[in-house]
Number of protein chains: 2
Amino acid sequence: MPEKLRELYLQIKERNFRALARGITLVENNLAGYEDLLLRLTQTGTTRVTGITGPPGAGKSTLVNALLGYWLRQNLTIAVIAVDPSSPFNYGALLGDRIRMNEYYTNPNIFIRSLASRGALGGLSRKIIEITDVVKEAGFDRILIETVGVGQSEVDIAGLADCTVVTLVPEAGDEVQTLKAGLMEIADIFAVNKADRADAEGLYRNLRMMVHEKAGDNAEIPVLKTVATTGTGVDELAVAISKCIDEQSSRPEKHTKLLLEKSIQLVQANLMRNLSLQQLEGELRTAMLQPHFNVYAFVNEFLEKNIRI
Amino acid sequence: MPEKLRELYLQIKERNFRALARGITLVENNLAGYEDLLLRLTQTGTTRVTGITGPPGAGKSTLVNALLGYWLRQNLTIAVIAVDPSSPFNYGALLGDRIRMNEYYTNPNIFIRSLASRGALGGLSRKIIEITDVVKEAGFDRILIETVGVGQSEVDIAGLADCTVVTLVPEAGDEVQTLKAGLMEIADIFAVNKADRADAEGLYRNLRMMVHEKAGDNAEIPVLKTVATTGTGVDELAVAISKCIDEQSSRPEKHTKLLLEKSIQLVQANLMRNLSLQQLEGELRTAMLQPHFNVYAFVNEFLEKNIRI
């Protein structure tokens with residue numbers, strides 16, 4: 001490992017924000033040395049990762065904001081990774097009234113990084129995994145990943161976060177029943193946000209029923225009511241997150257599951273990285289002109305020529 | 001190709017619904033013969049695929065429903081593929097007041113198939129692609145794919161549909177600006193649904209501005225107002241879809257781009273299929289017990305052992 005990279009790594013271990021930012025940029029853009037950096041990670045950090053996910057408009061960012069305030073009052077250090085394109089922590093969104101969130105950018109106990117959510121195929125998942133691993137080396141008390149999702153896309157965060165908070169708002173009431181299986185699969189905590197609204201009670205009760213059904217003799221997944229804008233329920237959420245994180249140590253099977261999920265994503269990403277998309281495109285452009293072109297036969301032939309398993 | 005499969009294929013070409021359903025089941029579950037079926041596809045069909053996507057609660061299903069009514073009145077044959085887990089066309093959601101949509105299940109001109117949106121990693125995209133290709137052989141006048149998405153997940157549909165309708169509702173107003181790049185990348189048509197609400201005008205104007213900015217000297221992407229529940233604007237939407245589909249023939253570059261996207265997804269899926277997840281898990285469980293375990297090193301070693309590129 002080159003001396004400069006070694007130095008960068010040691011600075012990251014000391015939680016030097018500039019070094020951490022540089023390390024992330026290295027990884028994000030596949031710059032020279034980024035693989036060395038990843039291979040150098042000790043991955044012995046015990047920082048657990050909290051994921052906050054939910055549909056756009058669920059108030060995830062306001063909730064993250066409120067949690068930051070709570071943790072700062074407890075003198076904790078926090079890293080926020082915003083993958084949600086609509087997050088105010090995302091540079092692109094620092095507009096209008098959202099600019100107020102900016103205060104945290106200068107707080108020495110908070111490191112914030114936003115990731116563009118559009119990249120090459122499968123590339124984003126790999127990058128989030130890699131960047132989270134780099135951030136983990138810096139020994140923060142909390143790492144928060146904010147992603148947008150409901151339906152398919154939250155799968156990613158489920159493989160990444162030790163504790164996943166699914167944020168929903170009253171409007172989601174109708175969808176909850178149909179998304180049930182997916183929600184129950186990923187949520188460690190439910191937060192019913194904007195809970196001061198009249199229609200929140202129905203959603204709350206639905207979720208309570210769902211988690212009760214699933215729990216059987218086990219402990220039920222917490223369902224909490226929050227009003228992120230006023231801070232109501234945020235303390236309880238922070239406590240539930242701490243509890244969830246603490247319990248991870250007693251659940252080695254979940255840790256293994258996360259690691260397996262992560263390995264699968266990395267395997268997939270690495271396989272694609274070794275293929276030339278230019279070559280694929282070139283061969284496709286020739287093949288598609290043939291009279292009996294069939295895309296499945298084309299893909300088979302392409303892989304046979306270029307890969308031996 | 002076995003005689004039985006040949007027969008099945010010929011029946012699919014004749015738009016026999018039972019054969020089509022069997023063919024899809026074959027593909028969906030990787031049953032014996034499914035690869036033969038895919039390789040047999042002539043892929044000469046000219047049916048263009050329309051995608052309808054948008055966040056949960058945008059009224060996609062009601063809009064699909066209204067479009068079905070319109071096309072039926074024109075004596076068209078239609079296939080609907082519902083990937084959205086909250087779609088009423090999804091069996092799991094045939095509850096409560098949604099059951100009224102059921103009428104179309106018995107209409108001889110409409111073929112409806114819902115796909116579970118949770119499966120193995122990357123598996124869903126491949127299955128949607130494969131199933132759409134099977135459906136294409138049956139020569140419907142319209143193929144509609146309904147997916148839930150906003151943020152990352154609509155990427156999939158973008159590679160699949162010749163014409164993508166992005167459905168938004170007034171609540172989305174705040175998000176539109178931040179999702180701008182992503183939305184503009186995939187939308188061929190914008191539908192502002194629930195447009196009878198007072199706050200719809202703002203969203204409508206924002207979208208109009210966005211498409212105007214992007215268009216330059218080219219034609220602007222249509223932005224339409226719809227009220228799916230009353231049918232307002234649905235005719236216009238159907239006309240815009242027809243126009244969008246017709247224009248595809250004059251845009252061979254888009255066709256190639258879709259085919260490339262499809263090939264990439266298939267390559268990715270095939271690569272994963274050839275790996276044993278059991279083996280990956282087994283090796284991971286051993287490796288993670290080592291004192292200097294590093295997941296990136298582990299994945300590299302696993303691939304080196306199991307794959308040669």
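# A walk through two sheets, a helix and a cavity

Start by selecting strand β5 of chain A, where Thr50(A) stands opposite Cys163(A). Before going on, note that this is a predicted model, in which local features need pLDDT of at least 70, side-chain atom pairs count only at pLDDT 80 or more, and totals for chains, interfaces and linings use all residues. Residues are numbered from 1 along each chain as its sequence is written, chains are lettered from A and ligands numbered from 1 in the order in which they are written, and side-chain values use heavy atoms, with hydrogens and water left out.

**Stop 1: β5(A) and its partners**

Color residues 163–168 of chain A to see the whole of β5(A). Helices (H or I, at least four residues) and strands (E, at least two) are DSSP runs, numbered from the N terminus. Is β5(A) buried or exposed? Six of its six residues are buried, so the strand is largely enclosed by the rest of the structure; buried means under 20% relative accessible area, exposed over 50% and partly exposed in between, with a 1.4 Å probe and protein chains only.

Now show the side chains. Cys163(A), Val165(A) and Thr167(A) point one way, while Thr164(A), Val166(A) and Leu168(A) point the other way. In a regular strand, side chains alternate between the two faces of the sheet.

Next, add β1(A), residues 49–54, which runs parallel to β5(A) and is joined to it by four bridges. Then add β6(A), residues 189–192, which also pairs with β5(A) in the parallel sense over four bridges. Within β6(A), look for Ala191(A), the bridge partner of Thr167(A). Two strands count as paired if DSSP finds at least two bridges between them.

**Stop 2: the full sheet of chain A**

Widen the selection to the open sheet of seven strands, in the order β3-β2-β4-β1-β5-β6-β7 with parallel pairing. At the edges stand β3 (110–114) and β7 (223–225) of chain A, each with a single partner strand, so one side of each is left without a neighbour in the sheet. Neighbouring strands here are turned by 20° against each other on average, direction ignored; the axes are lines fitted to C-alpha atoms, for helices over the stretch in contact, and angles run from 0 to 180 degrees between N-to-C directions.

Zoom in on β3(A), which pairs in the parallel sense with β2(A), residues 78–82, over five bridges. Phe111(A) in β3(A) is the bridge partner of Ala79(A).

**Stop 3: helix α10(A)**

Select residues 252–273 of chain A. This helix has 22 residues and reaches 31 Å from its first C-alpha to its last, close to the 32 Å expected at 1.5 Å a residue; the expected span is 1.5 Å times one less than the number of residues. Of the 22 residues, 16 are buried, so α10(A) is largely enclosed by the rest of the structure.

**Stop 4: the sheet of chain B**

Move to chain B, where an open sheet of seven strands has the order β3-β2-β4-β1-β5-β6-β7 with parallel pairing. Inside it, β2(B) (78–82) and β4(B) (142–148) pair over five bridges, with Ile145(B) as the bridge partner of Ile81(B).

**Stop 5: the largest cavity**

Finish with Tyr296(A), Tyr34(B), Glu35(B) and Arg273(B), which are among the residues that line the largest cavity. A cavity is a set of points on a 1 Å grid over the protein atoms alone where a 1.4 Å probe fits but cannot get out, and lining residues have an atom within 4 Å of a point. The largest share of the lining, four residues, comes from α3(B).

Technical notes
On a 1 Å grid over the protein atoms alone, a cavity is a set of points where a 1.4 Å probe fits but cannot get out, and a pocket is an open set with protein on both sides within 12 Å along at least five of seven lines; lining residues have an atom within 4 Å of a point.
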